[in-house]
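Me: I'm at the bench most days and rarely read models. Could you walk me through this one, feature by feature?

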Amino acid sequence: MTSNATRLRAQFASGDMVIAPGAYDGITARLVEQAGFPAIYMTGAGTAATIGFPDYGLVTMSEMAENAERITRAVKVPVIADADTGYGNELNVVRTVREYERRGVAALHLEDQGFPKRCGHLDDKEIVPREDWLAKIRAAASARTNPDFTIIARTDARAKMGFDEAVTRANLALAAGADMAFVEAPQTMEEVANVPKLVRGPCLLNVVYGGKTPEIDLRDAQKMGYRLAIVPGLLFKTVMASCDDALAALKKEHRHPVPGRPMTVQQAFARVGANDWDPMRTAFREPTAKAAE
Amino acid sequence: MRLGQAIPERPGTTLRRLIREAAPLIVPGCYNAMSARVLEAAGFPAIYMSGYGASLSLLGLPDAGLQTLTETAMNARYIAGAVKVPVIADADTGFGNAINVVRTVEEYIRSGLAGMHLEDQVAPKRCGHVAGREVVDRTEAIGKMRAAHATRQALDPEFVLIARTDSRGAHGGSLDEAIWRANALLDAGADLAFVEGPKDMAEIERVCREVTGPVFYNMTGISPRMDREQMKKLGIAVAILPGVSMRASIIAMYDLAVAIRDKGPMAEAEFNRKLKDHPLGNTHEFAGFDRIRELEESFLPPETAQKYEGTLGHMPKKAAE
């Protein structure tokens, strides 16, 4: 059977840029898959939020790996997961890659922030020296058991050290064994366009609404040469807004509001796999037991 | 074994009383729920959870900061839930910065622990008796203890905080720096000070003389060994022997395995014969099946007791017996 890591590699090699919307649990992962996207991105910010924390490096590697497993179990498409700093030094990176791989993740990204990290679109991020980060990239590349598992090198250097340093770091990481480069938070459209020109390898674009990077049509991103676009916050923020609306309606109307659009209980369960499980509810019963029912 | 049996007070309250009364309180280290129960059965009034042992037993990995807060807190929760005596747990660096410390204290209190020690090594840490350690600067170390203290005050003021400094043996460190830090961390809210890795008696004497609060001593690795009387004379409040159950079980398991390998399967029977009169020689009794039967008699219909009649194997005692 072809692994999801191998399938994701094939997607990167094909003509179209892969678009991976962000999911943070079994429901959002299934919705992304059902909408027809070829891959899913597990957002660290969303995972932290499901546990009840902001994205301030409070979530442990154990919790991230558990959530990744929940997501890979819920869907068939490849999952690309946020691995923050690798949760420590290069030894922790080795453990992180092994845990993620064992839980069916197809790709992860590792960043050059200090541990514990902060969200890439917040200020006052700390950046580690080049060599500390490159050691982590080398450690990650050697720790994977499936050579098709994709290591994405994320640099947060743009904010404090400038665009040139970010591009230099991306190229160094590719030379150190990363498969793809992720320059976090370029600040102008020119910078967005220059990343794939200056970086000597496949590039990831992080599409964040209201972040440091200008908004972009994803067709333009593909033309610029990006191979993967992640959209981490789309569902996380949409869910919060629609929950707020539904809760406000309940308070105001004193009755169950129509949930976004009308949906029966069965319809809701069908979205999370009821159709796969229904036949099994009777399939393993003795024929006599079935007759007696 | 707990299993539905209450403890009379907050574990931190018990531990504080023990520390006041014992001087020194000798606390052997466990690494999982079973080893904690062995130490409790031997009569120790408090138990220590070794981070080294937790990492090795849970993950099969050395104590190099590879285990996560989730894993360590889970192990601590199993241990605290298995014994009636208070448990002090290794909390390493608090698994990150001061903000992670807040989460660590919260998770540890919720896990039912009596106290923890927090150290000033750079995260991820390494064993305090292995070379190549680095410490964070004074300001960061103090900030982390202040975070721990504020969290403890908010959630469980009886929870005991032990400030560990690794600056004696760390890169660029000294005993002067370690004593300075121990006192600063006591000022920041710690209840006891733990200078890791003094290398001779003269150093321990200085620590006990110059540290302004109760001293917590880690009798392991490169640090000198001493008996209870010597500790009392020095004024040590608590002494842990973290590797006790880990080393005893590694060696005992290895020896038995080698005997079976070399002498064949009957070596196990020979080993079991020697245990006949051992206080914990009856494993089923130690495991606690009597308590299960007691609970069955209390809460299951009387006819379920019939299942014991005419059956083979270890027979748990009836509650009345």
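Reply: Sure. Let's begin with chain B, whose secondary structure comes to 13 helices and eight strands. Keep in mind that this is a predicted model.

Me: How far can I trust chain B, then? What is its mean pLDDT?

Reply: As a general idea, where pLDDT is low, the predicted coordinates should not be read in detail. Here the mean pLDDT of chain B is 94, with 99% of its residues at 70 or more. For the model as a whole, the scores are ipTM 0.82 and pTM 0.88.

Me: What does the radius of gyration say about chain B?

Reply: You compare it with what a compact globule of that length would give. For 321 residues that would be near 20 Å, and chain B has 22 Å, so the two agree. Along its principal axes, the C-alpha trace of chain B spans about 70 × 50 × 40 Å. Of the 321 residues in chain B, 42% are buried.

Me: And how do I read contacts along the sequence of chain B?

Reply: Take the contacts between residues at least 6 apart in sequence: in chain B, 69% of them join residues at least 24 apart.

Me: How are the chains divided into domains?

Reply: Chain B has domain 1 (11-242) and domain 2 (282-321) in its domain assignment, and their C-alpha centres lie 40 Å apart. Chain A is divided into domain 1 (4-239) and domain 2 (263-293), with 38 Å between the centres of those two domains.

Me: Which residues have the most contacts inside the largest nonpolar core?

Reply: The general idea first: in soluble globular proteins, nonpolar side chains tend to be buried together. The largest nonpolar core here has 148 residues, and those with the most contacts inside it are Ile40(A), Ala153(A), Ala181(A), Val87(B) and Ala193(B). Take Ala181(A) as an example: leaving aside neighbours within four places in sequence, its contacts include Ala153(A), Ala170(A), Leu174(A), Val199(A) and Leu204(A). Gly201(A) and Cys203(A) are also among them.

Me: Now the interface. How many residues of chain A are in contact with chain B?

Reply: People often give the size of an interface as the accessible area lost when the parts come together. Here we can count residues instead: 14 residues of chain A are in contact with 14 residues of chain B. On the chain A side, helix H4 (61-74) and helix H5 (90-102) each supply at least two of the residues that touch chain B.

Me: What is the chemical make-up of that side of chain A?

Reply: The residues touching chain B divide into six nonpolar, six polar and two charged.

Definitions and conventions:
Residues are numbered from 1 along each chain as its sequence is written. Chains are lettered from A and ligands numbered from 1 in the order in which they are written. This is a predicted model: local features need pLDDT of at least 70, side-chain atom pairs count only at pLDDT 80 or more; totals for chains, interfaces and linings use all residues. Two residues are in contact if their C-beta atoms, placed from the backbone, lie within 7 Å. Helices (H or I, at least four residues) and strands (E, at least two) are DSSP runs, numbered from the N terminus. Ala, Val, Leu, Ile, Met, Phe, Trp, Tyr, Cys and Pro count as nonpolar, Asp, Glu, Lys and Arg as charged, and the others, Gly among them, as polar. Domain bounds come from an automatic or database domain assignment. The radius of gyration is taken over C-alpha atoms; the globule rule is 2.2 Å times the number of residues to the power 0.38. A residue is buried if 20 or more other C-beta atoms lie within 10 Å of its own, exposed if 12 or fewer, and partly exposed in between; C-beta atoms are placed from the backbone. A nonpolar core is a set of buried Ala, Val, Leu, Ile, Met, Phe, Trp, Tyr and Cys residues joined through C-beta atoms within 7 Å. pLDDT is the predictor's confidence in each residue, from 0 to 100.
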